[in-house]
Amino acid sequence: MTTEPLPTDMKIAEAPTEPLDDFVIADAYRDWQAREGVKVIEDFAFGDLGAVELGPWARKGGMGAVINVPNDYLPNDAHVVEIAPGGQSEPERHMYEENVYILSGRGATRIWLDGQSAESFEWTAGSFFSIPLNAWYQHFNVGAEPARYVAVTDAPPVMRRARDDDFVFNNPFQFASRYRPGGSQFAGGKLYNRRVWETNFVPNAPDMALYGWKARGAGGINVMLEMAKNSQKAHISEFPIGTYKKAHRHGPGAHLVVLSGVGFSLLWTKDDLSDLRRCDWKKNGMVIIPSDGCFHQHFNTGTTRARYLAMRPGTAGFLPPTGRAAMIETSTKDGGGQIEYADEHPRIHELFEAELARHGAPCRMKAFVSCCNGEVGPTSERDT
Ligand SMILES: [Fe+2]
Ligand SMILES: [Zn+2]
């Protein structure tokens, strides 16, 4: 077989003589924020979401803000919204998922699909629910006080991928596989193995019964929430007085809202802790894991147990839905994402004991940490 020589002449266009425009790459998510005219806050540590100053956000029924982390792209964002007494949001539907936690106040939400009858449910501070994907919904404040919620959504990747308002906000597709009106999704739920509870509505997350989860350390209890057939995930964890959870890392974008207790979280990416950031929190505080592989650890310095709700992006279709869950319970020494107590940087425990000393409270980690100067405290989840 003979081979022809490849052509070598390249076809070079003539240099334009007229000035040209730069091609601007649009960011559909940032453009949406600008059109909404909504206040945008860039941070990842909030001591109290109830104290965050909001701006006007007409569509949502009053005031609001969108929270993004600085200098990074997350697979999710947070919307903090306050509806005035007697107020209501505009009906809307969208092709991004939205999980809603009620920080304060009380009200009701109406959910419906085109051509089908609506259903409603009532909520109060502590309620946690999910809007079924692309279902119409409208929130009503039926109380005498302002009602404030934080919602975690996957709007950023959905908008950046679709780049079309009509697709995101005016899409007639009905996800029958995810939601059927008049079913039982907003009443009750179903328990599965490994502490998984499937529902669209948790009436009072700060008071929900949780299950033992020894691997995460120091008497923690937990429930994993599967809401509205979402790819987004959520879980609730609680840990005892005078203790802290093991540090771990995973993908970016988990939003942790404090449901009860007083304490702080540490976040870092460098082994020598040189970029350590501390976030002090109480009820309704929020910490966001702002980047991939960012270690984070939660410390209870108060006089009650501490509980938080974590709203996570899940695998969002980019990874198979298994694997990560096992990895976060595996030591970093074995290729996992969890730092065992014995492997901690000594500064971590020093910081915790110093903070407890300021409150006159004993450390209760002796059963887990050899350098602990405190009490034995819990030795398993059954002691909490
Ligand atoms: Fe985490
Ligand atoms: Zn100690």
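**Figure 1. Helix H5 in the predicted model.** Helix H5 covers residues 346–358, 13 residues in total, and spans 19 Å from its first C-alpha to its last, close to the 18 Å expected at 1.5 Å a residue. Its buried residues are Ile348, His349, Phe352, Glu353 and Leu356. They lie on the same side of H5, because the arc they cover around the axis is only 120°. An α-helix has 3.6 residues a turn, so residues three or four places apart point the same way. Strand S23 (295–300) is what the buried residues of H5 pack against. Exposed residues Pro346, Arg347, Glu350, Ala354 and Arg358 sit on the face of H5 turned away from its buried side. After H5 comes Gly360, with a positive phi near 70°.

**Figure 2. Helix H2 and its surroundings.** H2 is formed by residues 155–162, and Ala155, Pro156, Pro157, Val158 and Met159 are its buried residues. The elements that cover them include helices H1 (28–36) and H3 (165–169), together with strands S5 (77–83) and S11 (147–153). Just after H2, Arg163 has a positive phi of about 50°.

**Figure 3. The largest nonpolar core.** This core contains 83 residues. Tyr101, Ile102, Tyr149, Val150, Val257, Met286 and Leu309 have the most contacts inside it. Strand S11 gives the largest share of the core, 5 residues. The core lies between domain 1 (36–167) and domain 2 (190–358), because both contribute residues to it.

**Figure 4. Contacts of Tyr101.** Apart from neighbours within four places in sequence, Tyr101 is in contact with Phe128, Tyr149, Val150, Ala205, Val257 and Leu309. Among these partners, Tyr149, Val150, Val257 and Leu309 are, like Tyr101 itself, listed with the most contacts inside the largest nonpolar core.

**Figure 5. Pro172 in the loop after H3.** Pro172 belongs to the loop between H3 and strand S12 (190–192). Pro172 counts as exposed because it has 8 C-beta neighbours inside 10 Å, and the cut-off for exposed residues is 12 or fewer. From Pro172 to Leu351 the C-alpha to C-alpha distance is 54 Å, with their positions 179 residues apart in sequence.

**Figure 6. The protein as a whole, for orientation.** The secondary structure consists of 5 helices and 25 strands. The C-alpha atoms fill a box of roughly 80 × 65 × 45 Å along the principal axes. Of the 384 residues, 44% are buried. Among contacts between residues at least 6 apart in sequence, 71% join residues at least 24 apart.

How values were computed:
Residues are numbered from 1 along each chain as its sequence is written. Chains are lettered from A and ligands numbered from 1 in the order in which they are written. This is a predicted model: local features need pLDDT of at least 70, side-chain atom pairs count only at pLDDT 80 or more; totals for chains, interfaces and linings use all residues. Helices (H or I, at least four residues) and strands (E, at least two) are DSSP runs, numbered from the N terminus. A residue is buried if 20 or more other C-beta atoms lie within 10 Å of its own, exposed if 12 or fewer, and partly exposed in between; C-beta atoms are placed from the backbone. Two residues are in contact if their C-beta atoms, placed from the backbone, lie within 7 Å. A nonpolar core is a set of buried Ala, Val, Leu, Ile, Met, Phe, Trp, Tyr and Cys residues joined through C-beta atoms within 7 Å. Domain bounds come from an automatic or database domain assignment. The expected span of a helix is 1.5 Å times one less than its number of residues. The arc is that of the directions from the helix axis to the C-beta atoms.
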